[in-house]
Amino acid sequence: MRVLIAYATHAGSTAEIATFIASELKNHGISAEVKEIREVIDPGEYDRLIIGGPIYVGRMKEVEEFCKQHQATIKGRLIGAFTVGMAFTGDEVKQAEARQVLDTAIAPFSPGRLGYFAGKTDPSRLSFFERTALKVVKAPIGDFRDWNAIRTWITGVADDLRG
Ligand SMILES: Cc1cc2nc3c(=O)[nH]c(=O)nc-3n(C[C@H](O)[C@H](O)[C@H](O)COP(=O)(O)O)c2cc1C
């Protein structure tokens, strides 16, 4: 069984989460490839897909475009999807909005395992434009990734992969 974790990233924090997912799956005896989403030419080469990306100004643009472009191929293969955003450090209203961003990006798919992870902001890795946008969305600065929460989610994904 070939498993792919396809991720989008701007500043690297989602890439690190994708790599962590692969290494945790390995601990469950499952090997998975990790690729940046724009390098995935044909998702049909894989039996199972896990797709994730960050939210930037209320959107998961790369994931949304990928799911639209490969809709026919993704069907029946997508077993998990995750989103990374600072909204998951916020109140329930903000979190609900951010969960909706993932739903929209992967529509019409709704895999059994959806992961919602707080992310990381590092202004030194951002352009002037991105730093300005960061202020507009009022995202906190720092690394809020909760590796234990991510690990728990992966355990569920591993169960589904063993199916
Ligand atoms: C310009 C900018 C806009 C952002 N907009 C949002 C947002 O609308 N909602 C959210 O939850 N997080 C937002 N974030 C936080 C990112 O999703 C978070 O930093 C994530 O970990 C970035 O992932 P990456 O390092 O893989 O690019 C934003 C961050 C930046 C820099």
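The ligand site and the enclosed space of this predicted model are described below. Local features require pLDDT of at least 70 and side-chain atom pairs pLDDT 80 or more, whereas totals for chains, interfaces and linings use all residues. Residues are numbered from 1 along each chain as its sequence is written, and side-chain values use heavy atoms, without hydrogens and water.

The ligand is surrounded by 23 residues (a heavy atom within 4 Å). Thr 9, Ser 13, Thr 14, Ile 55 and Lys 120 come nearest. By class, 12 are nonpolar, 9 polar and 2 charged (nonpolar: Ala, Val, Leu, Ile, Met, Phe, Trp, Tyr, Cys and Pro; charged: Asp, Glu, Lys and Arg; polar: the others, Gly among them). Helix H5 (128–137) supplies at least two shell residues, as do helix H1 (13–27) and strand S6 (120–121) (DSSP runs, H or I of at least four residues for helices, E of at least two for strands, numbered from the N terminus). The largest share, 4 residues, comes from H5.

Ligand oxygen atoms lie close to several polar protein atoms. A backbone N or O atom of Lys 120 is 2.6 Å from one ligand oxygen. For an N or O atom in the side chain of Tyr 56, the distance to a ligand oxygen is 2.7 Å. A polar backbone atom of Val 84 is 3.3 Å from an oxygen of the ligand. The protein covers 95% of the 640 Å² of accessible area that the ligand has on its own (Shrake-Rupley method, 1.4 Å probe).

Ala 11, Gly 12, Ser 13, Glu 16, Lys 120, Asp 122 and Arg 125 line the largest cavity (1 Å grid over the protein atoms alone; points where a 1.4 Å probe fits but cannot get out; lining atoms within 4 Å of a point). This lining comprises 1 nonpolar, 2 polar and 4 charged residues.

Technical notes
A polar contact is a pair of N or O atoms within 3.5 Å; within protein, one must be able to donate a hydrogen and the other to accept it, and residues adjacent in sequence count only if both atoms are side-chain atoms. On a 1 Å grid over the protein atoms alone, a cavity is a set of points where a 1.4 Å probe fits but cannot get out, and a pocket is an open set with protein on both sides within 12 Å along at least five of seven lines; lining residues have an atom within 4 Å of a point.
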